[in-house]
Amino acid sequence: MRDFLKAELAALRDDRAAAPKSMREAFASDPQRFETFSLTEGDLLLDWSKCAVTPATMALLENLAEAAGLAERRQAMFSGDRINITEDRAVLHTALRAGPDAKIVLDGAEIMGGVRAVLDAMEKFSDAVRSGAASGATGRRITDIVNIGIGGSDLGPAMATLALAPYHDGPRVHYVSNVDGAHIHDTLKGLDPETTLFIVASKTFTTIETMTNAATARKWIEQALGTAAVAKHFAAVSTALDKVANFGIAPDRVFGFWDWVGGRYSLWSAIGLPVMIAVGAKHFREFLAGAHEMDRHFATAPLLKNIPVVMGLVGYWHRVVCNYPTRAVIPYDQRLSRLPAYLQQLDMESNGKRVTIDGGAVTTPTGPVVWGEPGTNGQHAFFQLLHQGTDIIPVEFLAAAEGHEPKLRHHHDLLLANCLAQSEALMKGRTLEEAEAQMRAKGVTPAEIEKIAPHRVFPGNRPSVTILYRKLDPHTLGRLIALYEHRVFVEAQLFGINAFDQWGVELGKELATGLLPVVEGTQDAARSDASTAGLVRHIHHLRGA
Ligand code: F6P
């Protein structure tokens with residue numbers, strides 16, 4: 001913790017002692033609690049009234065944000081300052097969705113012309129694929145897109161394609177990411193080379209998983225249709241245009257982006273191409289516009305009226321002041337089932353850091369473990385622990401007021417009732433007296449009540465926030481993802497860390513390169529530790545080598 005924030009944090013820790021101990025009482029004693037601790041922006045609502053905060057807590061969190069220079073840091077990001085100091089880069093994913101009239105200057109050069117040009121080129125290509133004008137080498141229409149990428153070059157578009165299924169009227173889209181050959185094998189098994197288009201998506205165009213899968217895909221096309229067919233069956237998205245050229249992809253099928261777009265913030269760039277092909281350029285532009293709307297809100301709303309800021313402050317409160325090590329994200333929206341996986345990269349690759357922006361060791365916890373699954377499925381799996389386990393895990397619920405299936409309204413009402421019931425149950429809990437009374441009312445014997453009632457107690461006072469929106473359309477998806485991006489930014493400023501590098505992924509990559517010949521058996525494991533060497537020996541033994 002930087003010294004100048006120590007006083008603010010100490011005040012927050014003192015405040016925790018005064019925070020409501022019983023949320024039931026907090027609601028009973030303040031009929032305005034929901035109004036005080038909820039915010040709306042258009043149809044989007046954030047409710048954090050079930051968290052144990054008071055107006056004084058929020059004021060102290062605001063002080064902390066001010067002391068951390070949040071507003072100045074936010075301005076620095078939007079203005080293109082090189083806030084990613086360890087990579088000496090600007091952080092301008094917001095420019096990708098800034099709209100047709102925006103002008104943004106970076107290092108003396110206007111960048112929006114380039115952004116618009118790539119978006120227009122994506123649209124032209126996407127329209128051609130969707131209409132059948134850009135056919136395969138044998139003249140047949142493209143029916144299947146296979147995106148080959150990993151991390152930010154996979155999770156964002158894969159999550160968004162699923163989220164926007166009701167708008168999906170283009171070719172089928174598949175995502176291959178894992179270097180495990182099973183992934184590409186099982187994906188290609190049902191596909192026809194004549195009607196398949198691959199998009200090789202990699203910011204660096206060096207990532208081993210993506211390059212390995214791309215080479216396998218190219219062989220698959222070459223073997224079926226000949227080498228000349230590669231031009232008609234591949235497109236690429238990257239910042240490393242020289243490396244793409246070496247792979248042999250036709251220049252008019254290469255879509256660039258820039259080093260000021262972080263991998264996990266790249267969904268808005270040409271990395272979104274498979275989404276655009278799936279749902280069409282109009283819907284993709286609505287998605288960008290939704291994100292831009294959230295950017296404007298984040299850039300201009302006062303701190304405590306600012307949804308991403310409040311989510312970040314509440315996140316900090318739970319992580320640092322309350323010391324809760326994880327948070328669960330539970331979309332009661334089946335089409336957001338990949339959102340937790342997407343947020344794991346966004347949040348944990350950004351804020352899983354142990355060194356401050358100045359290079360000193362952090363003195364408070366940083367990013368929490370983020371995990372989740374959609375509701376209602378999670379209720380029948382891990383909710384037991386959320387309600388009665390020994391750890392307190394803040395939960396973030398997301399839900400749409402309306403589904404896309406008007407004829408299945410009953411399903412949606414059940415979904416919402418469950419979502420609301422879970423946050424209420426986490427907050428209220430059930431006392432021993434209530435458990436006993438309930439059992440008595442059912443005619444259970446006193447002996448049985450004594451034995452079973454303690455197991456039926458819920459401690460309650462378990463915090464959750466709820467995000468509600470009208471419908472999961474492209475505009476709303478854009479707002480939600482931008483909201484989470486900015487929330488991660490807010491928390492990073494409070495932690496005092498750089499959210500935009502990811503050095504923690506390097507060591508494993510380096511060691512894997514060194515271990516490949518050892519696994520292959522062309523080099524011995526002498527330089528490895530005894531455990532690694534023993535594991536290699538056992539692999540070789542199992543393979544009969
Ligand atoms: O896991 C590290 C990482 O660099 C991520 O940040 C990135 O999204 C992913 O690998 C893929 O990188 P690329 O798009 O360069 O292939």
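A contact, on this tour, means heavy atoms within 4.5 Å. Keep that in mind as you click around, and remember that the model is predicted.

**Stop one: His 486**

Select His 486, which sits in helix α20, residues 474–495. What does His 486 touch, leaving aside residues up to four places away in sequence? Show Met 77, Phe 78, Thr 94 and Arg 97, then add Met 294, Asp 295, Phe 298 and Pro 308. Is His 486 buried or exposed? Its relative accessibility is 0%, so His 486 counts as buried.

**Stop two: the whole chain**

Zoom out now. You should be able to pick out 22 helices and 13 strands. Along its principal axes, the C-alpha trace spans about 80 × 60 × 60 Å. A compact globule of 545 residues would have a radius of gyration near 24 Å, and the 26 Å of this chain agrees with that.

Turn on a surface if you like: the accessible area comes to about 23800 Å², with 55% of it belonging to carbon and sulfur atoms. Of the 545 residues, 52% count as buried. Among contacts with a separation of 6 or more, 74% are between residues 24 or more positions apart.

**Stop three: Pro 368**

Next, select Pro 368, in the loop between α15 (339–351) and β11 (369–371). Despite the loop address, Pro 368 counts as buried, at 4% relative accessibility. Its contacts, not counting residues up to four places away in sequence, include Arg 319, Pro 325, Thr 326 and Arg 327. Asp 347, Met 348 and Glu 491 touch Pro 368 too. For a distance to try in the viewer, go from the C-alpha of Pro 368 to that of Ala 328: they are 40 residues apart along the chain and separated by 9.7 Å.

**Stop four: backbone oddities**

Here's some background for this stop: most residues other than glycine have a negative phi, and most peptide bonds are trans.

- Click Gly 375 and Thr 376: the peptide bond between them is cis, with omega near 10 degrees. Thr 376 lies in the loop between β11 and α16 (383–388).
- Move to Asp 88, in the loop between α5 (70–78) and β3 (105–106). Asp 88 isn't a glycine, yet it has a positive phi of about 50 degrees. Its relative accessible area is 48%, which makes Asp 88 partly exposed.
- Then try Asn 461, in the loop between α19 (446–452) and β13 (464–469). This one isn't a glycine either, and its phi is positive at about 55 degrees. Asn 461 is partly exposed, with a relative accessible area of 30%.

**Last stop: helix α22**

Select residues 530–542 to light up α22, a helix of 13 residues. From first C-alpha to last, α22 reaches 18 Å, close to the 18 Å expected at 1.5 Å a residue.

Which residues of α22 are buried? Color Ala 533, Val 536 and His 540. Look down the axis of α22 and you'll see why they line one face: the buried residues fall within an arc of 60 degrees. An α-helix has 3.6 residues a turn, so residues three or four places apart point the same way. The cover over the buried residues of α22 includes α21 (506–520). Swing to the other side of α22 to find Ala 530, Leu 535, His 541 and Leu 542, which are exposed.

Finish with the two ends. At the N-terminal end, Asp 529 caps α22, with a side-chain oxygen 3.1 Å from the backbone nitrogen of Ser 531. Just after α22, Gly 544 takes a positive phi of about 75 degrees.

Technical notes: Residues are numbered from 1 along each chain as its sequence is written. This is a predicted model: local features need pLDDT of at least 70, side-chain atom pairs count only at pLDDT 80 or more; totals for chains, interfaces and linings use all residues. Side-chain values use heavy atoms; hydrogens and water are left out. Helices (H or I, at least four residues) and strands (E, at least two) are DSSP runs, numbered from the N terminus. The expected span of a helix is 1.5 Å times one less than its number of residues. Buried means under 20% relative accessible area, exposed over 50%, partly exposed in between (1.4 Å probe, protein chains only). The arc is that of the directions from the helix axis to the C-beta atoms. A polar contact is a pair of N or O atoms within 3.5 Å; within protein, one must be able to donate a hydrogen and the other to accept it, and residues adjacent in sequence count only if both atoms are side-chain atoms. The radius of gyration is taken over C-alpha atoms; the globule rule is 2.2 Å times the number of residues to the power 0.38. Accessible areas come from the Shrake-Rupley method with a 1.4 Å probe; for residues, only the protein chains shown count as cover.
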